[in-house]
Structures are given as structure tokens and as C-alpha cells.
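Me: I'd like to learn how to read the empty spaces in a protein model. Could you walk me through it with this one?

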Amino acid sequence: MTRTLVHCMLILLALWSAPVSAHAATVLFGFETDADLKLWHYEGSPDTAPREVSLAPGFATCGEQSLVFSFPQWKPGLAEWPAFECQPPVTDWSAYDRLVYDVTNPGPDAQLVCIFISDSQHATRDGLLCETRLAPFSHAQQVVPIAHLQDKGLDPADISVMHVFTERPAGEMALHLDNFVLLKPGEPLPTPSAEYLQAFAKTQATPLAALQKSVADAGQALSASLASVPELRAWAETRLADVNKRLHDHEAMIRQAGPEILTASDQHNALIAQLEGLQREVAVRIEFETIRAQVQTGATAAKGLVVGFASSMEKVLPRAGTPHITLASRTELSLARYEKESFQVIVMPCEADVKQVGLQIGDLHSAEGMTLPASNIDSVVVGYVQTSSIPPYGSSHVGWWPDPILEFQRQADIAAGDAQAFWVRVRCPQDQVPGVYSGKLSVLVEGKPAFTFDLAVRVYGFAVPARTPLDLAVTFQPTYYEPNGTGGWQEGGYRFSEWQQHKLEWGDMLADYYLSYDSLYHRQQPDWDVLDRIHKQGRLGRFNLGYYGACGESEEEIATWKASTLPRIRLGYEAAKERGLLDHAYIYGCDENPQDLFPAVERAASILKQEFPGVTVLTTTYDNTYGEGSPIKSMDAFCPLTPSFDPAGVVPARQQGKQVWWYTCCGPHHPHLNTFIEYPAIEGRLLMGAMTAKYRPDGYLYYQISIWNSQPITQGPFTDFDPRSWTTYHGDGSWTCPGPDGTPLPTVRLENFRDGLEDYAYLRTLEATIAKVETSDELRAGRGDWLARAKGLLEVPADVLASKTEYTDDPAALYRWRDAVARAIEDAGTEPAYPW
């Protein structure tokens, strides 16, 4: 009997005798005999042994052999998803709480291995997906909670298939799988043998040599780059010494080959990140030194500080290394009358903590003597929320993310190494005289100026509208959800109700972002106090008279549906008519109803059209023919998910008088645009601006912007607000946050939502101005070149957005198009025309 086998037997004996459990771990596959190998076969071919798997003596975490899953580097002609499967030897997993298995990647390329686990009543691909991504030269112990099977609706007592696959390996793949065990509550995780640890340590020689060379090369490069800025040398050498210490500790860990060796890949990557972060930080500090003399106004307070700028379309992570920011002595922005446009100031203390950091911006003045008062410029702290897991749509970073804009906080203490953002929002008055307005922006530390920058704001000679340029149907109705999807609306006992005493403030804030105080799903009356107030301000968008469901077929079902639906909607209908608001109203229902309910959806729409003439009836029912190929003929407006929006199918629908909106929610995921916390901020702006301009939906729907799974935010910048919203998503259904006492707080994502609508308003204004010029002989004379240029700008440039899945992540590209549209409006030779 070999020493490794004896070692594994001793482990199992220890587990057997452990007081925490009366049973040893149940081994599904140990891969010590051919019997384990013979269980595996190709899908649909139970008698065909897969060529991609074999038993090998290397990298066995328990025993002497592991299962090797091999496949060459993928190229066209090879299988895209190499796979094999089996029925496990134990099919009743109901007494266990975890499945555990080990995967080792001893190769130089990142690899992926996935396992679908399903029962006899569900298709394999409807089972639980267990995904393991392995860095080069790495090990992973995958722990699968049995409860996750139940969450998928699977029966743990009836496990019928384990389907293993990968996808297009980027390099030659040879993954070692071993020690598949089922654990009962209280049973400890298996630990790899000492022999395995020694073997795994040997795989670290190649990455260690590369790491040692990277550190040595970086040291030489830093010494050379710092020759011209000796004042930074001592700081940089201290930081590099810390990198070298961590490298030496890493080397010692590899030599010792203890259990910590299993984290070698993570430690290697952390060292690389630290080294790259230092190189980036040194480069930023050296670049900032070239402008320091122009902007520094305080000697002591400014020591070790770097200040830069970022657009409103960027998310600057506060604790993920030195961000990419713009270093300049001057910043500028442009906006139309009534528009709001923002940028960010990023303050980074590189050597020591700083206290009470804030901004000061005075009045801005034009060369013609006009003033843009400082009262139209806000500067507040950007807040951060902390994620603790990778969401369903993926993320490259788990930790602190910028999201809430802390309107109540003007200053922040900043720790050394952090990158703190301040949000600067400029609001242009409706009557502001066009021109370029200039002034100063100062960074204060403990009340004293440390740096002063030039600030320029260009005001265009046209205006964006007071109300949304695109019809919207968006829910604001505070709610919470548990990770399993259960929760409650405000009416069902929401966790706190302080926000209600500020409902007028919430109504005003929502209108600032082109949103109505509205709900898609309410079955009460609209809040007329808020709607009347916003209507008097000239800012009211669309609002829902009440939700409706599908209507049954029998006389009794129809009577029941009418009794439960029509009276409450009629109350709203009559009240809206009396208030002069009926042209703002819509009726929404049959949320995401499937095809088998199409006849019932049609019955509901037909009744509503008869009872409430002139009011748009809207649905997200899954009719992607928009009534052309379905029995739903009475519906006014169909609303597919953005990927299902068919520009060709929209044409016949509109010829029949139908509207076709679109919507997003917890889907789609990348490469489509969405507004999750981890997605780039520019995506929300592109969605509402460039993509809307290109595809021209009749409206946009979003199911919820006020899922709050936390108490109000009372302090920052690092908040305790839970970013989790719908189930395990981050920010889906949550574009707002409650501030102190329930007062309104916007988010970076909400700002970009509104900015996109303003971009869309630019395009619509240019479009209307072109029509004005073309229909006037006087205006058209001599304007051929302008018309050609202006019409060209109506086409969204491919470098901004080429399709629903191809778009830029560069704010400069969007600004170039937006500003070109603005200049064309100003160059029209006539007053702008507005379509609203």
C-alpha cells in the first residue's frame, strides 16, 4: 500500500471518528480504479467512452490518481463545448448539505470547467450550473451547497446526471479533477495530501520566475523614471520595498509547500496587481508634478496629494489601485439651457490621510460680462457601496463601488491610498445667455485651499425640455427583497417609512431626472398631490392609472375581472380627466405574460379600450410580433426586452397605429447595455441616448428604481447601504437611495440615465430644426452644406454605437458626437425648433 493511499485512508479514518459527525464523507468519485472512469460517457451515448478523459497519477488530492480532462487549444472545426457525463453512483443527496470536488490547472493558460447537475424530471441544461474558472497554475476546491439544487427546483433525492464541459479552451488544456465527495452538516472539508501539495508547489516555478523578473524590471524602471523627480524617490522606494517583502514571503511559502500553497495563484495575482498599481501610481504622481506649480495654492495641506478629473460616465473605484484620471490645470464642460451636466474631481492622498476635503466653486463669468451664479453648481461627495459576491452577470471586481451621490455631504476624510470622487453638477438656468463662462475650482483641505484649477462652462443657445423627450413608464415604490426573491411593497409592511414624509421632495427629485412619481404595479390611486405639483411645474411625464391582469374566457371569469379591475382604474381615469392630466395617463398590465395567455391578454386590452378611450394600454407580454402574428389586436403599445426589439417588425405595427417601446430589467446581460452597479456608467447614457436615437423606440419601461434592502444612508463616503437589490443582483431595480431621514439620493447610474435622455433631446432638436429649414424656401437657400452636415449627424456614429451589442466605453467619443450635434443646432441660421 503506497504512502499517499495510507495518507488518504488516515484522513477518512479521522473524518469517520470526528465528533462533529457520525459518518465519513461519502465519496462519489476517487478515480483510483477504472470503475470510476467507466461511468463516464458522451451525452446521449451511454456506451461511448469519452476520448477527452483518462486516469493519471499526477495531481491527485487524495489517493494516487486523478481524472484528466484534456483538449487542445480551440480552433474552428473543433467542438466548442467538449463534454462528458454520467449518472453518479449515489443519486440520493438529500441527507447532505455540500458537494465538494478539487480541480487543478497545472498549465500556463486560464481554463474553465463547468458541471451541470440535474434530476430525472429536468433537462440537463435546466439543472444547476457549477462553474470553476482557473487561473494558470492554480487549484480550486469547489463547494456546491445542496440547497442550490432546491433553489433551482431540483430534487436532491433524485440526482440523475452530472454533465462536465468546457468552452473553447484558449490554450492546450489538461485539467485534473479529483475527490468528489458529499458532506453532511458538520463534516469538514477534505484537505489535499502532503504529496499533492509538494507536486503542486513544483508548478509554481514558472510563474515565480516571471514574478521575480517583473519585480526586478519594475525596480530598475522606477529608478530611471524618478531621476527627474527626486522628491518622490523616498516614497517610491518604501513602496517598492513592501513589494519585495511580499515577494520574499511568497517565495518562502512555495518552498515550504504547506496548505497555503493552494493560494499561490491568488497571492501571485495580488503581487502583480500591487506592482502594477505602484507603477501606475508613480506615473500619475510624476505627471501631476508637471502641473503642480500651476495649481498648488497651499504647501503643507497639498503634500502627497494628487487631484485629477473624470467624466460623469466613469466609475472611479476608490480602493482598487490608482484609477485612470485626467490630470490637467483646467477642466471644462458644455450644456444646453435647462440641462444638467456633471464631472468628477478625484482626490488621492498618496502618503498620508487627509481630513475635511471638499470643493469650492465661485461664480463663473463670460467675456461679455454675463454671470453663471455658483448657486447653480453643486459639489458633493460620491458614496460607495460594498459588494461581497460576484453577481449573476459577472464582475471583475468585488468590493467598493461608487453609486450613491451623497447630496447631504460636502466634505470627506480620505485615507492614504484611496481615490475619493466629488460629484460636480452644473444646472443651466432656462434663461442663461449662451457663451463660455470661466472661473475657479478649489480643493480645500481642513477649510484651506490646497489646489485651484480653471473651470470653463460653455452654454449652448438652445434648451432641453422640462419633461422627458421620450415616454417613460418607471416604478418608484420602495420595496425590499430577500435573496430568494421574497419581499414586500411599502403597503405590505416595508421596513421603514420615513421617506413618505418627504414624498414631495421625492417627486421633485424624480422630475429632475425626467421621471414620474409612478408605479407600474399599483392597484390604488395615483398620488395626485405629487402629480398635480409636478404638472404645475411643467415637468410631468406619463403615469399609470392602475395595473391589470389577463382576463379569463368564461362569463364568470370576465365578470370577476371587470369587478376587480374597472372600478379602481375608473376612479383614476375620472380624477385624471378632471385635473386635465388624462393625456399623461397610461394603463399597464399583463407583465411578461407568455404565449398561452395571449387570448386572455387580448380580452383585457379590448375591455380597457372600450371603457377608457384615449388612454394608452401598454404591456410587456411576450408578443414579439407586436400583434401582427398574434390575437392581441386591441393593445396600443407593446414593450419587448431590448434584444427582442425588431426594427423591421416595428414598421407594420406602427402602420396599424401601434407603439413599440422597449425595456430592461435583470436582463439583458453583456454584451447588451444595462445599468447594474458593476457595469460601466456610460452604458445607461448610451441606452437612453445613442441607442434610443438609433432604434427609435416609442418609450422605455423599467420595473423598479427603489428596491432598498437597507436603512437610510446617514454617513459616507463608505456607506453600509446594501447594494443587493433583486435577489443577488446589484443595483437592478435600484437607481435611488434613501438619505438621512428618508430624503432623496440619486445615484451615478440615475445621473447617466437622465444625461442620455438629454443627449436624445439634442438629436430630436436637430431633427426638428432640419425640418424647419427644409420646409422654408428662405431658410433653405444657401444652406445645402449645413443640411448635409446636420443630416449626417442624425446617424449615430459607429464609434459611438454600431448596434445593440457594439458600442464605445470612451466618454470622449460620445462627447464628440454630442457636441457636433450641438454646434449644428447653433449653426442652423435660425432659432432651434423643438418637437415637444
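Reply: Let's go through confidence, then pockets, then cavities.

Me: Fine. How confident is the predictor, going by the average pLDDT of the chain?

Reply: Start with the fact that this is a predicted model. The chain's pLDDT averages 93, and 95% of the residues score at least 70.

Me: And where does pLDDT stay under 50?

Reply: One such stretch is residues 1–23, with 26 contacts in the model beyond four places in sequence. Residues 490–494 are below 50 too, and this stretch has 15 contacts beyond near neighbours in sequence.

Me: Now the empty space. What's the general idea?

Reply: You roll a probe the size of a water molecule over the atoms, and that shows where empty space is left.

Me: So how much space lies in the largest pocket, and which residues lie nearest its centre?

Reply: The largest pocket holds about 900 Å³ of space. Its lining has 19 residues, and Leu129, His148, Ile390, Pro392 and Thr728 lie nearest the centre.

Me: Which elements give two or more residues to that lining?

Reply: Strand E7 (128–134), strand E8 (138–145) and helix H3 (147–151) do. E7 has the largest share of the lining, five residues. By class, the lining of the largest pocket splits into 10 nonpolar, six polar and three charged residues.

Me: How about the second largest pocket: how much space lies there?

Reply: About 630 Å³. This second largest pocket is lined by 28 residues, and Ser311, Thr331, Glu332, Leu333 and Tyr815 are the closest to its centre.

Me: Which elements supply at least two residues each to that lining?

Reply: Four strands and a helix: E11 (305–311), E12 (330–337), E13 (340–349), E22 (448–463) and helix H18 (811–826). H18 gives the most, six residues. In the lining of the second largest pocket you'll find 13 nonpolar, six polar and nine charged residues.

Me: Last topic, cavities. How is a cavity told apart from a pocket?

Reply: In a cavity the probe fits but cannot get out, whereas a pocket is open. Searching the whole structure turns up four cavities of 30 Å³ or more.

Me: Take the second largest cavity. How much space does it hold, and how many residues line it?

Reply: There's about 50 Å³ of space in the second largest cavity. Its lining has 13 residues, with Ile677, Phe721, Asp722, Pro723 and Ser734 closest to the centre. Sorted by class, the lining of this cavity has six nonpolar, three polar and four charged residues.

Notes:
Residues are numbered from 1 along each chain as its sequence is written. This is a predicted model: local features need pLDDT of at least 70, side-chain atom pairs count only at pLDDT 80 or more; totals for chains, interfaces and linings use all residues. Side-chain values use heavy atoms; hydrogens and water are left out. On a 1 Å grid over the protein atoms alone, a cavity is a set of points where a 1.4 Å probe fits but cannot get out, and a pocket is an open set with protein on both sides within 12 Å along at least five of seven lines; lining residues have an atom within 4 Å of a point. Grid points are joined across faces, edges and corners, and a volume is the space filled by probe spheres set on the points. Ala, Val, Leu, Ile, Met, Phe, Trp, Tyr, Cys and Pro count as nonpolar, Asp, Glu, Lys and Arg as charged, and the others, Gly among them, as polar. pLDDT is the predictor's confidence in each residue, from 0 to 100. Contact means heavy atoms within 4.5 Å.
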